[in-house]
Amino acid sequence: MEVRVRYAPSPTGFQHIGGVRTALFNYFFARANGGKFILRIEDTDRTRYSEAYVQDLYDTLDWLGIKWDEGPVVGGPYGPYVQSERTAIYQEYAKKLVEMGKAYYCYCSPERLEALRKEQEESHSQYQGYDRHCLHITEAEKEEALAKGIKPVIRLIVPTEGKTTFHDVLMGDITRRNRDVSPDPILLKSDGFPTYHLANVIDDHLMRITHIMRAQEWIPSGPLHVLLYQAFGWEPPVYCHLPMVLGKDGQKLSKRHGSTSVREFREKGYLPEAIMNYVSLVGWSYDGQKQFFSKEELERLFDMNKINKSSGVFDYKKLDWFNGQYIRQCDDERLKGLLAPYLEKAGFFNNPPTEDQRKKLDILVPVVKERMKLLGDVVELSRFLFQEVSYSDPALFCDKKTDLPTTVKALEQGSVILENGLKDKLPSEEVEARLCELATRLGVKVNGVFMPIRVALTGSQVSLPLFDSIKLLGEEQTRARLQRALDFLHEATKN
């Protein structure tokens, strides 16, 4: 049997981490088993539908390097793969259920249904849901309703006795009493569009889906879907309901935890391989030890039976660490291309970059790649190169255990050492050794000398390595900034 799995999102929002994990698990399972990965767009919710969300779906999968074997754009033998283009199919199968006595037409008005809901609510009735009023109405009543222009819906007949059981790979057998299943849910709406449950089951059957991996929030729908399969006389696929993705506080991952849409992660500067690797480990583990996986390794090693039963925790700090590791592994030429847009957006680079800007990027990339967690970090790390620094607080120049008068001496004498080093073209190691000797003579820690120089050149206590900063700034700018900083501190110590 050929393994066939699907990712079937509803284009009612941008692709989020939970949905992408579902897509990745399905994709890797298909590849690991020599099967097919099908993309299906479930766009029956027309009120929230947007073409922008469809495009975001395509862009997200393309960014991650996920290619679907069948689906929109690429086609396939069981298309169309967009539900709004399959309406006639759903109508045909819904009518078949009516003909088989497994479903019926319902002519109840929205007003009657609303009144029924209120009555059940106010009386605290144990029976909630549709009361099967139209299950046994007469032909005369049907004709009367049609004469009034009422367009009927089609409802499934849910058994009132017995139980329905389906097997889940992770959870085992899941059983629910039929009387607890939503009574006679609508399958086909009055406008001819299907409800999610009807379209989902029909599509999975007709597209020969063998395994369904979806979020655990769909477990309550499992019995209803199995009843639909039974009504049609079809064999249900294998179910595997994936554990939830939680924030570190144990609550379902949401915007209060941070970014959740993939486009936000992309904009901040996460690499696709970092997202793919880390998200694949949220609820899945190969051997409990190996952390770094290439796409090709996951395509080969993914095993459904190694999905955890418990919920996965999405740790933003861990993702940042993963991303930093992947940035450091990144080829310098590729990294230049990835960083340039951030520098352009900040106004530091032209589009396209000038020759001088390209040369600066050549020097910048090997330095910043060791210090970035996100691609976007390049803006703050390199801001001192493209904008004039300003000084407002003398204390910023001081190391924690160094007073201002000593700091001024350190900058005065340190500037002389740097000036001589630049003039004599001394190796940075030798200049650094002389600055360390200065710290000893002044009776301060090394940072007591390096801190004021760093702040003078970059305007910040946290920056790129000192000698890399000097190389990037150039001799002229280095001298000018050291002098400006000294002038500022001399003026500050007068007051």
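**A loop, its neighbours and the overall fold**

P80 lies in the loop between α2 and α3, where helices (H or I, at least four residues) and strands (E, at least two) are runs assigned by DSSP and numbered from the N terminus. The model is a predicted one, in which local features need pLDDT of at least 70 and side-chain atom pairs count only at pLDDT 80 or more, while totals for chains, interfaces and linings use all residues. Residues are numbered from 1 along each chain as its sequence is written, and side-chain values use heavy atoms, with hydrogens and water left out.

P80 is a good place to start, as the peptide bond that leads to it from G79 is cis, with omega near 0 degrees. The loop between α2 and α3 also holds V73, which has a positive phi of about 75 degrees although it is not a glycine. V73 is exposed, at 73% relative accessible area; here exposed means over 50%, buried under 20% and partly exposed in between, for a 1.4 Å probe and protein chains only. Q83 belongs to this loop as well, between α2 (51-64) and α3 (87-99), yet Q83 counts as buried because its relative accessibility is 1%. Beyond residues up to four places away in sequence, Q83 touches R40, I41, E42, D43, T44, Y90, A199, N200 and D203, a contact being heavy atoms within 4.5 Å. The C-alpha atoms of Q83 and F232, in turn, are separated by 19 Å, with their positions 149 residues apart along the chain.

Some related features appear elsewhere in the chain. A second cis peptide bond to a proline joins N351 and P352, with omega about 5 degrees, and P352 sits in the loop between α12 (332-345) and α13 (355-368). D184, in the loop between β6 (172-177) and β7 (186-188), has a positive phi of about 45 degrees although it is not a glycine. With a relative accessibility of 0%, D184 counts as buried.

Among the helices, α4 (residues 110-122) has 13 residues and reaches 18 Å from its first C-alpha to its last. This is close to the expected 18 Å, a span given by 1.5 Å times one less than the number of residues. H124 follows α4 and has a positive phi, near 55 degrees. In helix α5 (residues 139-147), L146 is partly exposed, with a relative accessible area of 46%. Apart from its neighbours within four places in sequence, L146 is in contact with Y107 and P152; the C-alpha atoms of L146 and Y107 are 8.1 Å apart, although 39 residues separate them along the chain. Helix α9 (residues 272-280) is mostly covered, with eight of its nine residues buried, including P272, I275, M276 and Y278.

Stepping back to the whole, the protein contains 19 helices and 11 strands. Its radius of gyration is 32 Å, whereas a compact globule of 495 residues would have one near 23 Å; the value is taken over C-alpha atoms, and the globule rule is 2.2 Å times the number of residues to the power 0.38. The C-alpha trace spans about 105 × 50 × 40 Å along its principal axes. Buried residues make up 47% of the 495 residues. Of the contacts with a separation of 6 or more, 75% are between residues 24 or more positions apart.
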